Amino acid sequence: MMIAADSPFIGRDSFEDEAFVDLDLSGADLANREFLRCTFTNVQLQDADLHDTRLDDCLFAGCDLSRMRAGNLAARGVVFVRCRLLGVDLTALRPTPSLFFEDCNLQYATFGAANLTGTAFRRCKLVEVNFFDTRLVDASFGESDLSGSRFEGCDVRGADFVGARGVYIDPARNTVRDARVDVETAIAIAAALGFKVNV
């Protein structure tokens with residue numbers, strides 16, 4: 001979708017300390033732009049193109065970024081609060097992103113070989129999310145729902161899954177040393193691996 005002629009994005013590729021509120025940018029082309037310390041509040045960004053875009057210290061609050069195209073997206077210090085990111089493919093983020101998610105819906109999202117060390121997913125819906133070769137060292141998933149999510153080839157050393165629901169991580173297919181889970185999760189994983197658990 002082309003951006004409207006009265007859009008603040010026409011003819012500009014760099015934005016600093018700006019606030020974008022109540023905009024409908026569904027399907028918009030925002031590729032190859034830079035945003036520094038910007039806030040997006042109640043912005044519709046479904047199917048928007050953000051490839052090769054740079055986000056530094058930005059906040060997204062109450063936004064819908066479902067199915068956004070994020071190839072080669074640089075994201076440092078980016079916070080998502082109460083956002084929808086349904087079906088987002090984040091397999092091609094630039095190296096060492098820094099992300100924080102709170103009360104977000106990331107159902108059907110895919111995370112590839114990104115380094116998400118220390119990323120927080122707080123009270124998020126992560127149902128049927130794919131984590132493939134993702135580095136999740138020291139990440140936290142407090143009070144999140146991971147039902148049906150797949151972890152393949154991931155490094156979850158030191159990650160905190162205590163309080164998360166629906167967690168299943170096969171230790172034969174992932175690096176799990178020092179990852180923290182609650183008793184119910186440990187029992188479910190042991191049972192799925194064929195152990196008979198006496199409690």
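**Close-up views of a predicted model**

Phe111 and Phe121 are both buried. Welcome to a short tour of this predicted model, starting with the aromatic rings around that pair.

**View 1. Phe111 and Phe121 meet edge-to-face.** The two ring centres are 5.9 Å apart, and the planes make an angle of 85°. Phe111 belongs to strand E11 (residues 110-111) and Phe121 to strand E12, so this pair links parts of the chain that are ten residues apart in sequence. If you would like to look for others, a search of the whole structure finds 17 aromatic pairs.

**View 2. Phe111 also forms a stacked pair with Phe131.** Here the centres lie 5.1 Å apart, with 5° between the planes. Phe131 sits in strand E13 (residues 130-132) and Phe111 in strand E11, so the pair ties together parts that are 20 residues apart in sequence. Are these two residues buried or exposed? Both Phe111 and Phe131 are buried.

**View 3. Strand E11 takes its place in an open sheet of four strands.** The order is E9-E11-E13-E14, and the pairing is parallel. At the edges you will find strand E9 (89-90) and E14, each of which pairs on one side only. E9 and E11 run parallel and are joined by two bridges. Look for Leu90 here: its bridge partner in E11 is Phe111, the residue whose ring stacks with Phe131 in View 2.

**View 4. Six strands make up another open sheet, also with parallel pairing.** Follow the strands in the order E2-E4-E6-E8-E10-E12. Strand E2 (19-21) and strand E12 (120-122) stand at the edges with a single partner strand each, so one side of each has no neighbour in the sheet. On average, neighbouring strands of this sheet are turned by 10° against each other, direction ignored.

**View 5. Strands E6 and E8 run parallel within the six-stranded sheet.** Three bridges join E6 (residues 59-61) to E8 (residues 78-81). A handy landmark is Phe60, which stands opposite Phe80 in E8.

**View 6. Asn174 is a buried loop residue with polar contacts to the backbone.** Asn174 lies in the loop between strand E14 (150-152) and helix H1 (183-192). Why does Asn174 count as buried? Its relative accessibility is 7%, and the cut-off for buried is under 20%. What does the side chain of Asn174 reach at 3.0 Å? That is the backbone oxygen of Phe151. A polar atom of the Asn174 side chain also lies 2.9 Å from the backbone nitrogen of Cys154. Leaving aside residues up to four places away in sequence, Asn174 touches Phe151, Glu152, Gly153, Cys154 and Ile169.

**View 7. Helix H1 has buried residues along one face.** Thr185, Ile189 and Ala190 are the ones to find, being buried in H1. Seen down the axis of H1, the buried residues fall within an arc of 135°, so they line one face of the helix. Which residues are exposed on the other side of H1? Those are Val183 and Glu184. After the helix comes Gly194, with a positive phi near 100°.

Definitions and conventions. Residues numbered from 1 in each chain as written. Predicted model: local features only at pLDDT ≥ 70, side-chain atom pairs only at ≥ 80, totals over all residues. Heavy atoms only, no water. Pairing = 2+ DSSP bridges. Axes fitted to C-alpha atoms, helices over the stretch in contact; angles between N-to-C directions. Buried < 20%, exposed > 50% of the residue type's maximum accessible area, 1.4 Å probe, protein only. Polar contact = N/O pair within 3.5 Å; in protein donor to acceptor, adjacent residues only side chain to side chain. Contact = heavy atoms within 4.5 Å. Phe/Tyr/Trp six-rings, centres within 6.5 Å; stacked < 30°, edge-to-face > 60°. Arc of directions from axis to C-beta.
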